[in-house]
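Subject: Structure handover

Hello,

Here is the structure for you to load. My notes follow below it.

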Amino acid sequence: MLEKIKKWTGLEKRNPYINEYFERSNLRASIYMAIIVVVLEGWMLKELTDIVLKYHSTVEKMRDPYWLFTHYGRYGWLFLMGVIILIYTGFYFSGKKVNRVLGHVLIWVFALSCILFGIYVGYHDYEDGEQILTFLTMTTFTLCLLVWRPIISFSISALSFGGFYYLINHHLEVSRATRFNLLTMWIGTLTVAVSIYFQRYIEAKKDENLEIVNKHLRYISDYDELTGLHNLRYFTIHIHKKIKEINAEGKEAAVLYLDIENFKSYNDRYGFGEGDVLLKKFATIIKEKMDEESVARFSDDHFLIMTEFDEGKKITEELSKALRELSPNVRLELKAGAYVIDKEDEDISRACDYARVACNETKRRFDVSFFVFDEKLGNDMKRKQYIINNIDKAIENEHIKVYYQPIMDSRLGIMCGMEALARWDDPDLGLLPPYQFIPVLEEYHEIGKLDKEIMRQVCRDIAESKGTALERVPVSINFSRIDFDLYDVPAVLLETAKRYNVNCDMLHVEITESALNGDMEGLKATMDVIRREGYTQWLDDFGSGYSSLNVLKDYKFDVLKIDMVFLKGFDTNPETKTVIESIVNLAKTLNMKTLTEGVETKEMYEFLKSIGCDMCQGYYFGKPETHQRIFERIQKKEIDV
């Protein structure tokens with residue numbers, strides 16, 4: 001209850017922002033009041049002066065000196081106060097240093113002067129039987145243009161109207177109508193003054209909230225919210241100064257891209273909240289070791305540092321040691337990539353990307369934690385960019401080709417199928433092998449475009465083979481794990497096959513073992529749809545991953561493709577044959593056919609045939625070739641179908 005009383009009387013404690021808002025508001029209002037007062041009182045002073053001059057130039061009797069003194073005094077005082085207020089507010093709003101206590105005093109004196117002026121003139125007007133408009137105008141003028149706390153508005157208005165009523169009633173008893181009019185005017189003026197106060201208070205709160213939001217936006221435009229480090233935007237704009245300082249010392253400037261390896265495991269063990277705490281602690285360590293203007297958070301657990309190139313590796317080692325001390329129970333490693341800045345005006349965003357590419361290179365080399373961007377990486381980046389920029393054009397201009405590698409029936413020694421493999425016959429770069437463009441397309445989630453095109457060309461080639469020796473040779477098509485995330489694989493497969501009138505027994509769906517990580521239930525559901533439509537499913541690259549047996553347990557496949565890595569050391573490692581034979585027997589137990597990749601010699605083929613491996617594939621039978629070349633080999637009896 002007490003708090004409500006304080007609120008409605010305006011006695012509640014206001015924060016500095018709201019107090020300043022009211023102060024600025026009243027000072028703005030006082031400018032308009034002062035201008036009006038200066039103009040009006042200046043005009044009245046001129047009129048008085050004209051009266052004095054008129055009496056001096058005629059034989060008329062001069063006005064009473066007391067009359068002149070009082071009139072000059074009150075008009076002159078208000079005129080002077082108006083001028084002082086204008087001077088003070090001019091200094092205040094121009095940003096010059098002013099005494100704010102003096103400002104409050106001036107506003108109070110100015111307001112009381114206006115009210116007293118109104119009472120004085122209104123009283124004398126009432127004596128002369130005239131309207132009391134001056135009193136009402138000056139009181140309303142003061143209480144409604146300047147904004148006061150409700151209790152102050154009540155006090156000023158009560159004293160003003162009460163004092164004025166006492167004076168005029170003392171002179172001549174006022175009528176009931178006059179009393180009623182004064183009471184009505186007092187209530188109306190007070191109500192408006194209080195209403196303006198609360199409206200201004202609401203405006204002040206909204207303005208404060210907006211200022212808080214804007215301050216936050218200004219902060220996050222330059223700083224990372226979590227760590228307090230500068231963000232990438234600020235880093236790329238302002239880091240040129242640091243580069244100039246390093247170059248001025250005759251040293252090379254380099255941007256370091258830092259990546260906390262295994263941070264996901266930390267989050268999995270302790271939760272994201274503790275992960276954020278660790279990032280903040282690590283950011284504090286970076287700030288302690290480096291100039292704050294030289295560091296930034298790139299994203300997630302990635303950071304940027306601008307430093308001397310010669311100091312880069314040392315800094316990385318020191319930070320890596322500190323990072324390990326932060327997490328003794330989860331092994332965190334700091335990987336770093338460096339890019340040397342060639343020119344002071346170099347594009348910093350591009351430099352950061354180059355450093356990131358160098359950092360990614362360390363993840364492929366387990367014994368390396370610091371790597372410098374070099375010409376080879378630069379060429380790789382250019383090739384990647386070329387691939388991403390030109391994949392659409394390559395498909396449109398039919399630079400993407402399908403090459404077919406024979407799949408042989410081990411027992412009969414004849415071709416029983418083919419695997420469709422992508423090649424990129426680029427007019428500028430020549431024939432690109434799959435390992436150069438497929439990983440790039442997967443990384444940038446563009447692989448779906450390639451696999452759809454391969455699917456289309458395979459169906460077209462099958463359709464064109466009708467009536468030839470290849471009419472009944474099925475083709476296996478590889479699908480990336482990312483395909484299942486990018487589009488509805490079964491729907492596209494069915495639509496393409498229907499368009500070229502290709503039966504389901506002519507197409508086999510190959511899914512690599514590594515693709516079976518992630519959304520297991522979603523992938524299972526999709527594979528069930530493919531199986532219901534009559535397509536056989538092959539598990540490609542079996543044994544290349546770390547969860548092969550789990551894959552056999554969790555998924556159902558028709559054919560098991562044994563990765564070529566098992567045939568390495570075929571002639572030197574006696575365990576090779578034992579392992580392959582065990583896999584073939586396991587597949588038979590699970591009612592799966594087997595196909596071994598990488599067959600390069602007759603000895604390999606004879607061994608696989610002897611252990612009951614159903615199919616073989618490899619250079620011993622033929623390298624991947626165009627559909628036309630495969631057809632020609634069949635015609636020449638080089639391959640039996």
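Two strands count as paired if DSSP finds at least two bridges between them. Keep that cut-off in mind for the strand notes. This is a predicted model.

**Strand E11 and its neighbours**

Strand E11 (residues 507-512) and strand E12 (residues 536-542) run parallel, joined by 5 bridges. Because at least two bridges are needed for a pair, the 5 bridges between E11 and E12 qualify. Thr512 has Asp540 in E12 as its bridge partner.

E11 also joins strand E10 (residues 475-479). Again there are 5 bridges, and again the strands run parallel. Here Ile477 is matched with Val509 in E11.

How many of the residues of E11 are buried? The count is 6 of 6, so the strand is mostly covered, buried being under 20% relative accessible area. Leu507, Val509 and Ile511 point one way from E11. His508, Glu510 and Thr512 point the other way. All are buried.

Charges turn up here too. Glu510 of that second set belongs to a salt-bridge network with Glu419, Asp540, Lys561 and Glu597. Asp540 is also the E12 bridge partner of Thr512.

**Strands E1, E3 and E4**

Strand E3 (295-299) pairs with two strands. Strand E1 (residues 230-231) runs parallel to E3, with 2 bridges. Strand E4 (residues 302-308) runs antiparallel to E3, with 4 bridges.

Which residue of E3 is the bridge partner of Asn231? It is Arg297. Arg297 in turn has Phe303 as its bridge partner in E4.

E3 and E4 form a hairpin with 2 residues between the strands. Asp300 in this hairpin takes a positive phi near 45 degrees.

**Other positive phi values**

Most residues other than glycine have a negative phi. Two loop residues are worth a look on that count.

- His445 is not a glycine, yet has a positive phi of about 55 degrees. His445 sits in the loop between helix H15 (434-443) and helix H16 (447-464). Its relative accessible area is 45%, so His445 is partly exposed.
- Asn591 has a positive phi near 60 degrees, and is likewise a residue other than glycine. Its loop lies between helix H21 (575-589) and strand E14 (593-596). Is Asn591 buried or exposed? At 69% relative accessibility, Asn591 counts as exposed.

**Salt bridges**

How many salt bridges does a search of the whole structure find? The search finds 35. Three pairs follow.

- Arg100 and Glu23: the closest N and O atoms are 2.7 Å apart. Arg100 lies in helix H4 (residues 100-127) and Glu23 in helix H2 (residues 16-56), so the pair ties together parts that are 77 residues apart in sequence. Arg100 is partly exposed at 38% relative accessibility. Glu23 is buried at 11%.
- Lys289 and Glu318: the N to O distance is 3.8 Å. This pair also links distant parts of the chain, 29 residues apart. Lys289 is in helix H11 and Glu318 in helix H12 (residues 309-326). Lys289 is partly exposed at 41%. Glu318 is partly exposed too, at 34%.
- Asp554 and Lys553: the closest N and O atoms are 2.8 Å apart. Asp554 is partly exposed, with a relative accessible area of 23%. Lys553 is exposed, with 60%.

**A negative patch**

Which residues form the negative surface patch? They are Glu245, Glu249, Asp291, Glu292 and Glu293. Glu292 is in the loop between helix H11 (272-289) and strand E3. Patch members need over 30% relative accessible area. Glu292 has 35% relative accessibility, so Glu292 counts as partly exposed.

**A contact to check**

Asn267 lies in helix H10 (residues 263-270). Asn267 counts as buried, at 13% relative accessibility. Asn267 and Val330 are 63 residues apart in sequence. In space, they are 10.0 Å apart, C-alpha to C-alpha.

Best wishes

Definitions and conventions: Residues numbered from 1 in each chain as written. Predicted model: local features only at pLDDT ≥ 70, side-chain atom pairs only at ≥ 80, totals over all residues. Heavy atoms only, no water. Patch = residues over 30% accessible without salt bridge, like charges linked within 9 Å, V, L, I, M, F, W, Y side chains within 5 Å. Areas by Shrake-Rupley, 256 points an atom, 1.4 Å probe, with all protein chains shown as cover. Salt bridge = Lys/Arg side-chain N within 4 Å of Asp/Glu carboxyl O. Lys, Arg positive; Asp, Glu negative; His and termini not counted. Charge placed at Lys NZ, Arg CZ, Asp CG, Glu CD. Buried < 20%, exposed > 50% of the residue type's maximum accessible area, 1.4 Å probe, protein only.
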